[in-house]
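Please open the model in your viewer and keep the selection tool at hand. The tour below proceeds stop by stop, stating at each one what to select and what is found there.

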Amino acid sequence: MNKEFIRRIIPLQIAAILLALSLSAVILTILSISPIDAFSLILSGAFGSPAKLAYVLTAWAPLLLCSAGLLVTFAAGLWNIGIEGQVVMGAVFATGLMRILQDSLPPSAVLLLAALAGLLGGALWGMLVGGLRRYGSVNEIFGGLGLNFIAGSLTVYLILGPWKRPGIGSTSGTEPFPPSLWLPGFKDFQASPIEMILGLIAIASVAIALRDTHFGLRLRAVGMNMKAAFLKGVPVDQDLFLAFGLCGALAGLAGWVLIVGTSARHNLYPLISSGYGYLAILVVLLANLKPFWSVPISFSFAAISMGSLQLPLQRQLDSSLGGVIQGMLVLSVLVINGIRSRWLRHEG
Amino acid sequence: MKVELKDIHKRFGPIQANDGITLSIEPGTLHGLLGENGAGKSTLMKVLSGFLSPDRGEIRLDNKTIRFDSPAEAVALGVGMLHQDPLDFPALRVIDNFLLGSPREFLLDRKYHQTRLAELANRFGFRLDPEARVSELSIGERQQLEIVRLLALGVNVLILDEPTTAISTQQRESLFRALSQLTEEGKTVIFVSHKLDEVKSLCSKVTVLAHGRVTGEAAMDCPTKELVKMMFGQVLTVGKRCEVRLGEPILELQNLSLSDWRLEVKDLSLKVQAGEVVGLAGLEGSGQQLVLRACAGLLRPSAGRIWIAHRDMTGRPYQDFIEASIGYMPAARLEEGLIAGMTLAEHIALTERGPSLFIDWTMAVERASQRIREFNIKGQPTTFVGNLSGGNQQRTLLSLLPSQPKLLLMEHPTRGLDMESMEYIWRLLQALTQQGTAILFISSDPEELLERSDRIAIFFGGKVRMMDTCGASLFDLGESIGGKGFE
Amino acid sequence: MMGSKKLWMVVAVFTCLAMLLTACGEKKKPEPAKAPEPAPFVFGVVLVGPYNDHGWSEAHYMGGKYAESKIPNAKMIYVDNVNPGAKPGVTIPQVAEDLISKGARIIFTTSDDFKDGTLEAAKKYPNIPFVNVSGDHAWKEGKDYKAPNNLSNFMGRMEYGKMIAGCAAALTTQTGKIGYLGPLINDETRRLAVSAYLGAKYAWTNILKKDPKKLKFKATWIGFWFNIPGQTLDPTKVAVDFYKSGYDVVISGIDTTEALVEANKMAKAGKKVRAIQYDYKEACKEAEEVCLGVPYFNWGPAYVKAVKMALENRWTQYWDWDGPDWKDINHPDTSAVGFVKSRGLSQENAEKVDGFIKGLADGSINLFKGPRQFQNGKTYLKEGEVATDLQVWYFPQLLQGMEGRSK
């Protein structure tokens with residue numbers, strides 16, 4: 001299997017990356033932008049200085065957490081599009097708890113409890129998707145989209161309503177938390193090791209859980225063949241529910257990072273999930289559901305996201321071109337995998 | 001239109017479904033195609049109607065060699081097939097289905113087509129409401145719609161694959177009348193069935209298939225006995241299991257009624273005792289699978305009760321049935337039985353229950369190796385089940401059954417196995433029955449049924465008849481499967 | 001063993017990728033930096049909306065361009081669309097870092113939404129001067145003074161522009177109903193809505209001599225400076241609602257041009273409706289016949305002042321609140337706030353507006369003078385009392401006679 005992986009899959013992934021780069025280059029050229037220029041801008045925008053690298057790492061942490069969560073739901077064959085809402089609810093719960101306790105408990109305790117609140121908020125929102133699927137026969141994609149929308153509206157309501165800043169009615173966000181409630185960073189390097197370590201631990205734990213625990217094995221069985229898994233006595237409904245909860249919890253933790261992270265805005269604002277959840281879906285797809293690969297891939301996605309901010313700054317281009325490149329990567333991999341499985345079918 | 005098939009070959013993996021079939025059908029006749037399950041009838045007809053392309057061989061229509069790459073091309077050339085399960089779109093209306101795939105016009109003239117639909121339907125005495133939703137129609141009405149649709153497309157050769165399995169007597173009569181009328185109009189009708197009496201009363205000529213070959217052809221005054229011989233061969237096995245000591249009842253069905261969307265089994269009572277082997281015979285889709293799945297807790301009966309080892313299990317979830325020590329083995333290996341992307345060891349670990357969070361892989365691998373030896377599986381504990389051959393998958397499926405179940409429920413336990421492995425598996429199963437396991441199994445191999453069962457439940461269109469195997473002959477069984485004794 | 005092999009593969013793939021990209025990048029580099037000019041003095045501008053929004057952000061962009069033209073060798077770099085809709089999660093310190101690494105020696109953050117972020121960035125980069133437009137962290141007498149020395153603020157006294165807008169609106173309205181399309185709610189926006197109302201009320205009662213009770217003035221707030229789908233009310237819909245319910249003049253308080261766009265559509269359909277634009281001098285260009293005029297910011301001089309201070313190394317903290325040049329409120333070099341009339345305003349009313357401006361200029365009209373009551377009936381200004389800067393800047397509530405939420 002591993003030989004097969006190195007011999008067949010890796011050349012294909014490389015081919016996919018080259019395909020993606022050339023397709024992006026074509027698009028950029030059509031927009032009369034020099035692709036080389038754009039690529040090198042993105043690269044220097046991501047790694048040009050320690051501060052830039054710090055921002056890449058800042059984006060990496062929530063991406064890792066979301067990817068870890070999605071590895072669980074994807075293993076179970078679920079499309080947890082609702083992950084964005086789960087990030088948002090994690091942020092909402094964390095913010096709520098911090099607002100209540102920030103004046104009565106020491107900051108470290110508040111931060112820790114807020115992390116737990118974030119886990120809880122995301123998990124509840126994730127299990128709601130599972131519940132809708134189980135008891136309402138709502139496909140998790142539609143349920144997730146609906147709940148994303150509700151989570152977004154809820155933040156706007158909270159920001160304009162109960163949690164608004166005194167005398168101000170603006171959707172721009174709640175009152176920022178004081179620096180004592182930020183995760184500590186380094187003096188000249190504004191990225192907290194805590195965020196990254198959490199993300200890496202999450203990926204590693206998910207990898208181990210999927211491979212070596214009964215729960216993980218059952219989830220994979222459900223993901224590959226739900227009917228056979230059921231007939232083998234796997235409690236399918238219960239396990240799927242747990243998968244949603246687990247993914248939601250990790251996404252919720254990402255929401256907490258987006259509130260308290262060293263380089264965050266330190267308040268709750270609409271769209272706080274910032275598309276990290278959706279981006280993580282692309283990461284996990286590109287990693288072919290392999291935990292190990294989602295680490296470097298999420299890192300390079302964070303780099304592309306941060307680096308592409310250079311495009312408007314330097315060349316008056318839209319930064320969403322970074323998204324084009326990421327999307328191209330995923331599409332190319334999917335297309336190449338599709339072609340590969342067609343070949344295999346013909347061979348067989 | 002004259003239809004000729006010459007030397008048709010078609011193979012699916014290890015199975016030679018059609019092995020050099022040559023067959024000629026005169027225009028304007030109603031030709032029967034008779035054969036056991038798996039004889040190759042459906043494959044042959046799918047080849048003729050463009051759903052499958054043959055590996056080798058030739059199709060001639062009116063003395064011209066033709067080749068289709070799709071059913072649409074076949075229809076354009078005049079060959080249309082009515083499938084066992086109508087291939088329509090239940091969410092659409094009758095008229096929309098009627099129009100599907102038909103006119104090459106950009107804007108549809110609905111009025112015109114509605115009249116055409118009504119005209120055609122009236123001609124054959126079908127009653128079809130153009131605005132009704134297809135999902136609300138019965139199977140018989142859906143067949144009628146499909147026939148009318150194919151005729152409107154100008155089909156000259158109409159193939160019907162087991163059309164009477166799920167329709168009412170009235171609908172059957174109206175269908176038969178329509179078919180006779182069609183042949184009078186000069187169309188060629190090919191009627192695929194396993195029901196001897198239907199073929200006898202309807203067709204003018206019949207071709208019998210077995211194991212992918214033509215085993216006989218006869219004009220329709222041929223006696224039933226001859227036809228059965230052609231279907232099942234000359235060797236007539238006789239049931240041998242006569243002296244079996246039976247224990248207490250393991251499975252009791254009381255006035256059980258079951259139904260799915262096409263079939264109903266009514267008021268079935270059956271008692272299976274420890275150590276007993278009951279075979280479920282009949283053509284596929286005659287109700288045996290419904291009963292087996294109900295016994296496994298996968299299908300909720302509409303009436304009646306199911307007892308397993310003196311416990312009322314009616315309406316309980318599948319999990320409870322597992323805990324009551326049943327073992328269920330589905331027919332569809334890779335769809336329901338196994339998980340293609342998992343290894344043998346993972347399958348073993350999956351069926352394991354225990355309080356521990358982590359999997360003991362050493363143990364799982366060890367136990368997988370043990371099963372591999374026991375069941376003679378050609379593979380390693382780390383082999384992906386999807387990479388095993390069909391026979392080895394079947395062995396894997398058997399190896400994963402619980403080790404000492406009270407009740408084993410199996411669909412086609414030895415399908416795809418060679419004689420030797422089949423013998424070996426049955427020896428293992430018989431060892432289980434001696435320890436008190438009761439077995440219920442479905443098979444389409446009459447010899448296996450006769451040889452291995454103590455009793456056979458024969459299913460025909462949802463009705464059940466019990467038969468003692470001791471002293472019964474393959475001929476008796478064949479006749480019953482064909483519907484004798486069910487009138 | 002397997003792990004290290006995998007790791008190697010990952011590293012290999014990404015090094016290849018990186019080499020590929022850098023190799024491509026390097027080819028680009030030799031392109032010669034042009035003739036040996038003295039290194040330009042770079043100033044960075046952070047815009048909340050698109051640089052060409054025909055509103056607030058474009059006004060700032062033009063201000064930067066003006067500074068480039070007035071100061072030899074000054075060069076603007078900017079990032080636009082820094083808002084949670086277009087760049088969620090992007091922070092001011094992050095953008096500032098970027099601008100600084102591109103050579104920016106002073107940074108303008110041009111939204112009240114950037115207030116907190118600018119404070120954080122200014123503390124992080126103490127050697128770089130920051131100017132937060134519309135903020136008050138650098139106002140020593142203000143209520144929220146906490147800026148480090150490198151952070152200053154400036155703002156234009158748009159109250160006057162809004163008063164003129166209100167005056168033009170009241171002179172024009174046939175139904176006596178004026179709509180105010182408000183952004184989010186804070187001190188600044190309340191202040192500006194109130195100013196428009198005061199101008200309208202003055203024109204209605206003092207120029208037209210009509211019954212003050214017959215004047216309706218309603219503010220509807222969308223929640224942000226411009227439309228962010230799903231987060232704010234849709235300004236297009238708010239504008240349409242105004243026009244459909246008899247408000248025939250809508251004064252825009254938001255950064256973008258929805259009010260005028262909708263008025264134009266309505267006018268084409270035969271309705272007699274008008275709009276007043278905001279922020280950007282050229283904002284009426286889209287539909288001059290339905291536009292009454294635009295109160296606008298002329299940021300250029302303020303940018304020149306700040307850039308020069310930084311350039312000449314004489315930076316000191318300041319808080320500027322610049323008003324119109326009453327000699328010529330549309331003078332590009334001296335007036336921080338102006339008003340351009342448009343063709344939608346009749347000749348007769350245009351003359352009356354000019355008279356009103358004159359009154360403001362010579363001090364004969366002072367609208368922030370008592371008696372004035374808040375919406376809740378409490379006194380804002382006693383009889384004859386003239387509001388202080390603090391009272392005008394920190395505007396806690398709408399005034400009596402206005403409809404709409406105060407917070």
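Two strands count as paired if DSSP finds at least two bridges between them. The model on display is a predicted one.

**First stop: a strand pair in chain B**

Select strand β17 (residues 407-411) and strand β18 (residues 438-442) of chain B; these two strands pair in the parallel sense over 5 bridges. Next, highlight B:L409. Which residue of β18(B) is the bridge partner of B:L409? The partner is B:L440.

**Second stop: the helices on the sheet**

Add helix α9 of chain B, residues 288-295, which lies across β13 (277-281), β17, β18 and β19 (455-460) of that chain. The helix α9(B) runs at about 145° to β18(B). Then select helix α17 of chain B, residues 474-481, which packs on the sheet and touches β13, β19 and β20 of chain B. The direction of α17(B) makes about 30° with that of β19(B).

**Third stop: the whole sheet**

Extend the selection to the complete sheet of chain B, which is open and has 6 strands in the order β16-β17-β18-β13-β19-β20, with mixed pairing. At its edges stand β16 (326-329) and β20 (463-468) of chain B; each has a single partner strand, so one side of each is left without a neighbour in the sheet. On average, and with direction ignored, neighbouring strands of this sheet are turned by 15° against each other.

**Fourth stop: where chain B touches chain A**

Display chain A together with chain B. Here 19 residues of chain B are in contact with 15 residues of chain A. On the side of chain B that touches chain A, at least two residues each are supplied by α10 (318-323), α11 (333-337) and α12 (344-351) of chain B. Which helix gives the most to this side? It is α12(B), with 4 residues. By class, this side of chain B has 12 nonpolar, 4 polar and 3 charged residues.

**Last stop: two helices of chain C**

Move to chain C and select helix α2 (residues 56-70) and helix α9 (residues 300-311). Their axes come within 8 Å and cross at roughly 55°; α2(C) and α9(C) are therefore oblique to each other. The crossing of α2(C) and α9(C) is right-handed. To view the contact, show C:G63, C:G64, C:Y66, C:A67 and C:K70 of α2(C), which meet C:G300, C:A302, C:Y303, C:V304 and C:V307 of α9(C). The residues of this contact divide into 6 nonpolar, 3 polar and 1 charged.

Technical notes:
Residues numbered from 1 in each chain as written. Chains lettered and ligands numbered in written order. Predicted model: local features only at pLDDT ≥ 70, side-chain atom pairs only at ≥ 80, totals over all residues. Axes fitted to C-alpha atoms, helices over the stretch in contact; angles between N-to-C directions. Parallel < 35°, antiparallel > 145°, perpendicular 65-115°, else oblique. Left-handed = near helix turned anticlockwise from the far one by under 90°. Contact = placed C-beta atoms within 7 Å. Nonpolar A, V, L, I, M, F, W, Y, C, P; charged D, E, K, R; others polar.
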